[in-house]
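Visitor: Please take a close look at how the helices pack in this model, and then at what surrounds the ligand. I would like the geometry and the residues involved, in one connected account.

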Amino acid sequence: MNNLLRSVGGYLMNRQAVRHRVIQGIFMGIFVLLLLVPAGCTKKAEEGKTTLHFVTWKPNIPEAWEEIYSIFRAEHPDIELVRETGPHSSTAFHDLLTQKLKNRSEDVDVFLMDVIWPPEFAAAGWAAPLDEMFAPSERKEFLEGAILANSYNGKIYGVPLFIDSGILYYRRDLLEKYGFKPPRTWQEMVEQAEKITAGEAGKGVEIYGFSGQFKQYEGLVCDMMEYILSNGGNIINPKTGKSGIAEKPAVEAVRFVRDNIIGKIAPAGVLTYQEPESLDLFIQGKAVFHRNWPYAWEVSNNPKRSTIAGKVGIARLPHFPGGRSYSTLGGWQAGISSYSKNKEAAWTFVKFLTSERIQKLLALKAGRAPTRKKLYGDAEILKAYPHFSGMKDVFLTAYPRPRTPLYPAVSNVLQRYFSKAISDPSSDIEKEALSASQEIDRLLSLAK
Ligand code: GLC
């Protein structure tokens, strides 16, 4: 019994000793950890690594961007670049980014900004003014329109990375085969498309006449604005400062798109197309004409991605009789969050990204039109993109969307109106235009 007690006691003693040792071990562990954590921090501080969060979108040519990031990493080992990739659509990307900025998220230092956002981001206090870093002498190196787009109330909020402007792409081989020159008017484009698709159908080749961006999102506003302006209409009438979309030239242009383009020379599916889907149709050889931004040249002539490489022509967008050609001004800027705790590193990255060297890389490898004037005379770029010199004018005269902090709200009204007007053949365009117009005027009066 005693033995038993002793052994039980010994066992309990042992357990106590073991527990004691375990507790001792835990304390030691915590102690070691406490020693290690500051050591780790010190190491980090010693290395001076700054983590920089960059919110960007899904690129069309990821390889070019990977190259850019690896150059930056190699040249700036002190900055840990963390990327967050948002959706391709400008509208969806805007929602993601503004949500973060509204929450003063620490996961945003640098972000890409659509050309239509600087007034909104400035007025909301989300984008940091860059005046102290982005010197006026440096701004002179950039296209004026791009600098203007980044300015708000006398301050500058973004550095232009690349510029976009609407371009007409066409199947040069097919136009030549049918004896056509690139169309000057939209009506001519429709006629040519109809003749070519009918001719090809006779040979068993299925091809549509046109593809563009007609889904309800920001791209729809860009495309529709080109029809409206090229008919002498306006989104905002510059004389009155009020909505121009219910005026006759604007209404007629919208009607033209509904009656002649959607489900006619373009498949009805374009109502769900953003840039990538519309370009896919073209590079699969399934569309004669295509409206897109400058990058589509690289993609459609890249034999790895396109079945029509070498058969692509490029021209100004058509216009209506009596009107002239207009391209919507697009493009992306690099901005810095007001809430960033790493503004210095953020500026290092912005300066790098928008530098001549990186813009040249983006031009050569991703077909992006530079915002730095000098690059329009660059021999290598002109060799790769001979049209950059002929089309320079198109880039320089591209027409901006309304410049107001309330633009996203205005665009939302436009998107709903255009989408309804072109997709529902029974919709009363005049009536819809009038009600959208009134809504826009109400919004604009709020901004005054
Ligand atoms: C391009 C343009 C941008 C525009 C968007 C619409 O990304 O650069 O300005 O808002 O297309 O889809």
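**Helix packing and the ligand site**

Guide: H2 passes H13 in a right-handed crossing. The model is a predicted one. In it, helix H2 covers residues 62-75 and helix H13 covers residues 343-353; the two pack at an angle of about 130 degrees, with their axes 11 Å apart. That angle makes H2 oblique to H13, because angles over 145 degrees would count as roughly antiparallel and those from 65 to 115 as roughly perpendicular. On the H2 side, the contact uses Trp65, Ile68, Tyr69, Ile71, Phe72 and Glu75, which meet Thr348, Phe349, Phe352 and Leu353 of H13. Sorted by class, the residues of the contact of H2 with H13 are eight nonpolar, one polar and one charged.

A second group of contacts centres on helix H10, residues 248-261. One partner of H10 is helix H19, residues 429-447, which packs against H10 at an angle of about 130 degrees with the axes 10 Å apart. H10 and H19 are therefore oblique to each other, and H10 passes H19 in a right-handed crossing. Val251, Val254, Arg255 and Arg258 of H10 meet Ile429, Glu430 and Ala433 of H19. The contact of H10 with H19 divides into four nonpolar, no polar and three charged residues.

Another partner of H10 is helix H18, residues 407-423. Here the angle is about 45 degrees and the axes are 8 Å apart. H10 and H18 are therefore also oblique to each other, since roughly parallel would require an angle under 35 degrees. From H10 the contact takes Val254, Val257 and Arg258; from H18 it takes Tyr417, Phe418, Ala421 and Ile422. By class, the contact of H10 with H18 holds six nonpolar, no polar and one charged residues. Val254 and Arg258 of H10 thus appear in the contact with H19 and in the contact with H18.

That leaves the ligand. It is surrounded by 14 residues, and the closest are Asp114, Asp164, Glu275, Gly331 and Arg401. Arg401 also makes a polar approach: a polar side-chain atom of Arg401 lies 2.8 Å from an oxygen atom of the ligand. For Trp332, a polar side-chain atom is 2.9 Å from an oxygen atom of the ligand. In the case of Trp293, an N or O atom of the side chain lies 3.1 Å from an oxygen atom of the ligand.

Methods:
Residues are numbered from 1 along each chain as its sequence is written. This is a predicted model: local features need pLDDT of at least 70, side-chain atom pairs count only at pLDDT 80 or more; totals for chains, interfaces and linings use all residues. Side-chain values use heavy atoms; hydrogens and water are left out. Axes are lines fitted to C-alpha atoms, for helices over the stretch in contact, and angles run from 0 to 180 degrees between N-to-C directions. Helices (H or I, at least four residues) and strands (E, at least two) are DSSP runs, numbered from the N terminus. A crossing is left-handed if the near helix is turned anticlockwise from the far one by less than a right angle, and right-handed if clockwise. Contact means heavy atoms within 4.5 Å. Ala, Val, Leu, Ile, Met, Phe, Trp, Tyr, Cys and Pro count as nonpolar, Asp, Glu, Lys and Arg as charged, and the others, Gly among them, as polar. A residue is near a molecule or strand if one of its heavy atoms lies within 4 Å of it. A polar contact is a pair of N or O atoms within 3.5 Å; within protein, one must be able to donate a hydrogen and the other to accept it, and residues adjacent in sequence count only if both atoms are side-chain atoms.
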